Amino acid sequence: MNLSIYKNKKALYALTLATTIGSAVFLSGCSKDFLKPDPLSFYEPTTTFSTESGLQAALAMADRHIRTYWTSFENRNISVPIGTEYLFSELSVASKTDDAALFADIPTQLTPIGGPGYDAGNWTTYFWDQTYEGIKYANTIPSFINNVTGLDEATKNAYLGRAYFHRSYRYLSLVFQFGDVPLVTKILEVPKQNYKSTKREAILQMITKDMEFAVQWVPEQKDMIYKGMVNKGACRMLLIKCYLATGQFQKAKDQADILINQSGYELMKSNFGTFVNTYSPQTWQVTRNVIWDLHRPENKLIAANREVIMGMPNRGATAESMIDFLTLRIFGPSYTSGSDLKSPDGKQAVQNYARNNGSYRQNYDYIRAIGRGIGTWRLTSFATNEMWNVNGQNDLGDLRHNSAVGNWGRMDSIKYNDPTSTWFGRNLLFRHPTTGALLCTDSLRVWFDWPHYKIYLQDVVAEANQGANQFNGATNGSNADWYLYRLAETYLLRAEAKYYLGDAGGAAADVNEVRKRAGCTQLYNTVTIGEIMDERARELYLEEWRHMELSRVSYCLALSGKPDEWGNTYDVNTYDKQEGTGASGGSYWYQRVVRYGMYNKGEIAVRPRTINYRMAKHNLYWPIPNSAITANNKGQLAQNFGYDGYNANTSKWATWEEAVADEDKVQ
């Protein structure tokens, strides 16, 4: 199937110019001169979007833009945006220890004026900027669709539904990353600098209404030509999350029932598609299995994949079709040449030999088999070990955590590969076998396990070069297609809805469906919200936005009145208005972060420094960027609790209707 949907380059270029319209001043603090027409562009919005091709180009930009939350044109060789979502969770921390600004002491470093940069792990401001950029693309459709003549009702409403999906997807993320935020629903003809924040509850009500409309009008994937565009299944998936976030748990379950039972999707339970082994199976052999096949980019968007609901095409050799996604480099351990990992005889433990190097040995070609990681982020011990215990047992059948078939990477599965070492060909050791001395003094960055089935992406540029000694992940010409939604998450969302409705046994049955597909032998009879969130972590690593989902569940849990896994209940009016780094109190998000994660545990001494990972209760929400507040100089945006500039009395719109009515009132 042809996956390219970005064909109208002229309209696409015009839409790129359109990014100077509307919220540019408000978002970036640019001067009004920035909004003056460019005499070289010959661009007029009413002209560009008076044809259906203009609408198609706008949707293509929105479709293309959504993948930039995972990878980005900005500094993507060291860090990517999705990593920040995991840093603000129990699953990961920033671990590039040679960065003096390492994003570790979050209460001190995260401020409205910025903080550490992308390389250090902080993409919070990027999420703000790019989310409003995506909202701008989405708002183009409802703002100009009435200028396009000849559209029948079904076609017009399908365009609107897809635009509502893109806007709602981004607002659902915004309100659980940033809390109460400005509501922008149209492209304005003049700059507006008098916005007010709109309450989260009001925005959730609006996007729920919009997604009900989208589910009615957007076609099913089977009735569409292209993949990578918004379809009815994706709209229904987002509606489920909207219903959960508005406390309409029965409606969420009902929509999940439809998606699971009546929409033509099914969990993939056997091998399918193309078997893509590692570049060096002599070094790292994968025994073919359904989990490996499911997560090969080559299989994610093919017709045989009945589990994918919506994916994000990311392949080819042009900037329009492909953004590098260097997963091996960014998420893998820094274990090769240049690291402080040594063999017991003092040699470098693993060398990144190129194929034309005289010391290269085919059976020890780890660079091509598992990549050259730099450990920008590392998984926590909870994510690599404790989380995988179910019913008090490490489930050895779970293919997602199985090193025997090659899916899961363990440091002690790697062998010393320097032919001059007396330890050549033997498995790596963390400590010297006789003295007990550490053979790795930077364990944060160098020594951790990883889900190889998720981060292994072939680097076609390096593979074509016999002298390459760095294999980083998907580069120009590679395939990095990624999942946005698949049916496994639907089962887990339905389990969540059932839990809030008091049906923990039914919730367990849904979790077990996902577990059985993964080959698990340990199943649940009943589940807590914690066990549902654990299963999300096992199944959806680098797919879900982990912090945002934990924030959403924290709110849903408070709405439901149900307890967490420790018996805590939460007040919806106060759970997100607490400060400090103490063990008690805060939100459900905070409890998971400090109980399971690496935060607030004290200092860790590693080469070349001592690191103290800290997280505060108010860091549930990220600060509203000061640049947005100062640019909105004729109004007042509300700063979040716990950050400089917070004022509990700042006026906010209580309903989305008020906010929308105010949009045209420009001062």
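**Close-up 1. Asn417, a buried loop residue of the predicted model.** Asn417 has a relative accessibility of 2% and therefore counts as buried, the cut-off being under 20%. Asn417 sits in the loop that runs between strand S8 (408-409) and helix H17 (443-446). Two polar contacts of the Asn417 side chain are shown. In one, the side chain reaches the backbone nitrogen of Gln351 at 2.7 Å. In the other, a polar atom of the side chain lies 3.3 Å from the backbone oxygen of Tyr364. Leaving aside residues up to four places away in sequence, Asn417 touches Ala349, Val350, Gln351, Tyr353, Tyr364, Tyr366 and Phe424.

**Close-up 2. Helix H8 (residues 153-177) and its two ends.** H8 has 25 residues, which at 1.5 Å a residue should span 36 Å; the C-alpha atoms at its ends are 36 Å apart, in agreement with that value. Of these 25 residues, 21 are buried, so H8 is largely enclosed by the rest of the structure. At the start of H8, a side-chain oxygen of Asp152 comes to within 3.2 Å of the backbone nitrogen of Ala154. Gly179 follows the helix and has a positive phi, near 80°.

**Close-up 3. Packing of helix H20 (residues 487-500) with helix H22 (residues 529-539).** The two axes come within 10 Å and cross at roughly 170°. An angle over 145 degrees counts as roughly antiparallel, and H20 and H22 are therefore roughly antiparallel to each other. H20 contributes Ala488, Glu489, Leu492, Leu493, Ala495, Glu496, Tyr499 and Tyr500 to the contact, and H22 contributes Ile529, Ile532, Glu535, Arg536 and Glu539. By class, the residues of this contact are eight nonpolar and five charged, with no polar ones.

**Close-up 4. Asn391, a residue other than glycine with positive phi.** Phi of Asn391 is near 55°. The residue belongs to the loop between strand S6 (389-390) and strand S7 (393-394). Asn391 counts as partly exposed because its relative accessibility is 46%, between the limits of 20% and 50%.

**Close-up 5. Leu542, in the loop after H22 and before helix H23 (546-560).** Leu542 is a residue other than glycine, and its phi is positive, near 65°. With a relative accessible area of 1%, Leu542 is buried.

How values were computed: Residues numbered from 1 in each chain as written. Predicted model: local features only at pLDDT ≥ 70, side-chain atom pairs only at ≥ 80, totals over all residues. Heavy atoms only, no water. Helix = DSSP H or I, 4+ residues; strand = E, 2+ residues; numbered from the N terminus. Expected span 1.5 Å × (residues − 1). Buried < 20%, exposed > 50% of the residue type's maximum accessible area, 1.4 Å probe, protein only. Polar contact = N/O pair within 3.5 Å; in protein donor to acceptor, adjacent residues only side chain to side chain. Axes fitted to C-alpha atoms, helices over the stretch in contact; angles between N-to-C directions. Parallel < 35°, antiparallel > 145°, perpendicular 65-115°, else oblique. Contact = heavy atoms within 4.5 Å. Nonpolar A, V, L, I, M, F, W, Y, C, P; charged D, E, K, R; others polar.
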